[in-house]
Amino acid sequence: MTLRFIGSEIYRGSSYGPNHPLRVPRVSTVIDLSRAMGWLPRDVYIPSPRAKPASLATWHDPDYLEVLQRAERHGHVTEAERARHALGTLSNPIYPEVFRRPATAAGGSIMATGLLRDGGVVYNPGGGTHHGLPDRANGFCYLNDPCLAIVAFRRWGYRRIAYVDIDAHHCDGVVHGFGDDPDVLIVSTHEERRWPFTGAVEDRGAGNVWNLPLPRGAHDGDMAAARDKLILPLVEGFRADAVILQCGADAVAEDPLSRLALSNNAHWAIVAALRDLAPRLLVLGGGGYNPWSVGRLWTGVWATLSRQEIPRRLPEAVENVLRGLEFTGHRLGKNPPDHWFTTLRDAPRDGPVSEVVAARLRQLGDRARAWV
């Protein structure tokens with residue numbers, strides 16, 4: 001069974017700009033932490049290829065791809081291109097690797113589908129850009145690698161794809177692409193009343209779309225209920241040929257762009273459950289805007305996928321990686337707590353399932369019984 005970690009050095013030092021939420025290092029931190037722990041041998045790590053425009057055009061508009069490449073070459077777009085493609089905005093700025101970086105993330109996800117032909121697990125933390133639209137940048141996402149991965153799985157002959165998304169923000173781009181395809185199951189947990197303000201519990205698509213909006217302050221107990229009463233029953237019943245998990249790290253309590261209160265244990269429990277359920281599992285990154293919480297969470301994802309034991313106290317070399325991070329321009333970077341340096345695992349943030357979450361799970365459960 002395949003077990004591979006896809007990464008790239010393009011993420012090291014690449015930034016959306018000094019004032020953008022994606023100014024922080026993420027994938028490079030996961031690579032460094034995993035190597036320092038001895039969890040990333042050479043035969044498991046694969047450098048990500050950069051997807052060529054022809055591969056990207058299996059889902060994206062060729063004219064948009066041309067504009068995106070030109071934006072990287074010239075460092076700007078015209079007013080008409082900005083209006084048409086949402087490039088050069090505060091959310092989607094033009095930066096030096098504006099085509100190469102998302103094309104590398106997409107190349108990793110496309111390549112992963114081929115690696116999974118005989119089953120197994122592939123981790124591409126640079127992926128998970130679930131907001132991208134065919135001809136527009138959207139929500140920090142210039143391309144949509146989950147949609148490209150679904151298309152690529154189809155080209156390998158796998159029809160039934162389950163897509164699970166536990167990012168704090170709803171996967172509007174994936175629903176745009178496959179919400180009307182009954183052979184793609186889409187399950188999303190996300191914070192309610194949070195951008196992009198889509199993903200209502202009532203939404204159904206072609207019957208294949210399942211949304212659980214989480215209230216502000218949702219914790220590990222709420223996510224455990226979502227896992228056991230919604231995510232796992234739907235995925236198991238769907239009998240997918242492949243499963244894609246978007247594991248955005250912005251749903252944890254310390255993230256500046258959400259108001260959820262999860263610990264990283266909640267994510268890892270879902271990763272572990274799907275690891276043992278899916279015949280082919282592609283795990284992606286996504287959101288995550290606190291360099292310590294996203295680095296620790298995504299490294300723990302890799303530990304879970306590769307069945308490593310997470311120590312209570314990190315070795316000094318690993319701790320030094322975390323102490324070398326900075327979060328300039330944000331209050332969370334001024335006096336970070338010591339456990340962000342010395343541990344990967346958060347203290348659990350358990351509690352009884354909220355009435356709001358329980359009611360929505362009952363609503364979705366009633367629908368699922370009729371659906372089956």
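The legends below describe close-up views of a predicted model.

**View 1. The open sheet and the order of its strands.** Eight strands make up this sheet, and their pairing is parallel. Read across the sheet, the order is β2-β1-β3-β8-β7-β4-β5-β6. Strands β2 (45-47) and β6 (209-214) are the edges, as each pairs on one side only. From one strand to the next, the twist averages 15°. Strands of a sheet pair through backbone hydrogen bonds, and the pairing can be parallel or antiparallel.

**View 2. Strand β1 beside strand β2.** Strand β1 (residues 2-7) and β2 run parallel and are joined by three bridges. Within this pair, Phe5 has Tyr45 of β2 as its bridge partner.

**View 3. Helices α1 and α5 on the sheet.** Helix α1 packs on the sheet and touches β1, β2 and β3 (120-124). The direction of α1 makes about 130° with that of β1. Helix α5 (residues 100-115) lies across β1, β2, β3 and β8 (280-284). The angle at which α5 runs to β1 is about 170°.

**View 4. Helix α1 packed with helix α10.** Helix α1 (residues 27-36) and helix α10 (residues 291-305) have axes 9 Å apart, and they pack at an angle of about 55°. This angle makes α1 oblique to α10. The crossing in which α1 passes α10 is right-handed. On the α1 side, the contact is made by Val27, Thr29, Val30, Leu33 and Ser34. On the α10 side are Gly295, Trp298, Thr299 and Trp302. Of the residues in this contact, five are nonpolar, four are polar and none is charged.

**View 5. Helix α5 packed with helix α6.** The axes of α5 and helix α6 (residues 145-155) come within 8 Å and cross at roughly 25°. Angles under 35 degrees count as roughly parallel, and α5 and α6 are therefore roughly parallel to each other. Their crossing is right-handed. Helix α5 contributes Ala105, Ala106, Ser109, Ile110 and Thr113 to the contact. These meet Asp145, Leu148, Ala149, Ala152 and Phe153 in α6. The contact of α5 with α6 includes seven nonpolar residues, two polar residues and one charged residue.

**View 6. The annotated span, residues 20-305.** An unreviewed UniProt entry gives this span the annotation "domain: Histone deacetylase". In the model, the end C-alpha atoms of residues 20-305 lie 30 Å apart. Helix accounts for 40% of the span and strand for 13%.

How values were computed:
Residues are numbered from 1 along each chain as its sequence is written. This is a predicted model: local features need pLDDT of at least 70, side-chain atom pairs count only at pLDDT 80 or more; totals for chains, interfaces and linings use all residues. Side-chain values use heavy atoms; hydrogens and water are left out. Axes are lines fitted to C-alpha atoms, for helices over the stretch in contact, and angles run from 0 to 180 degrees between N-to-C directions. Helices (H or I, at least four residues) and strands (E, at least two) are DSSP runs, numbered from the N terminus. Angles under 35 degrees count as roughly parallel, over 145 as roughly antiparallel, 65 to 115 as roughly perpendicular and the rest as oblique. A crossing is left-handed if the near helix is turned anticlockwise from the far one by less than a right angle, and right-handed if clockwise. Contact means heavy atoms within 4.5 Å. Ala, Val, Leu, Ile, Met, Phe, Trp, Tyr, Cys and Pro count as nonpolar, Asp, Glu, Lys and Arg as charged, and the others, Gly among them, as polar. Two strands pair if DSSP finds at least two bridges between them. UniProt positions are given in the numbering used here, feature names are shortened, and annotations may be inferred rather than shown by experiment.
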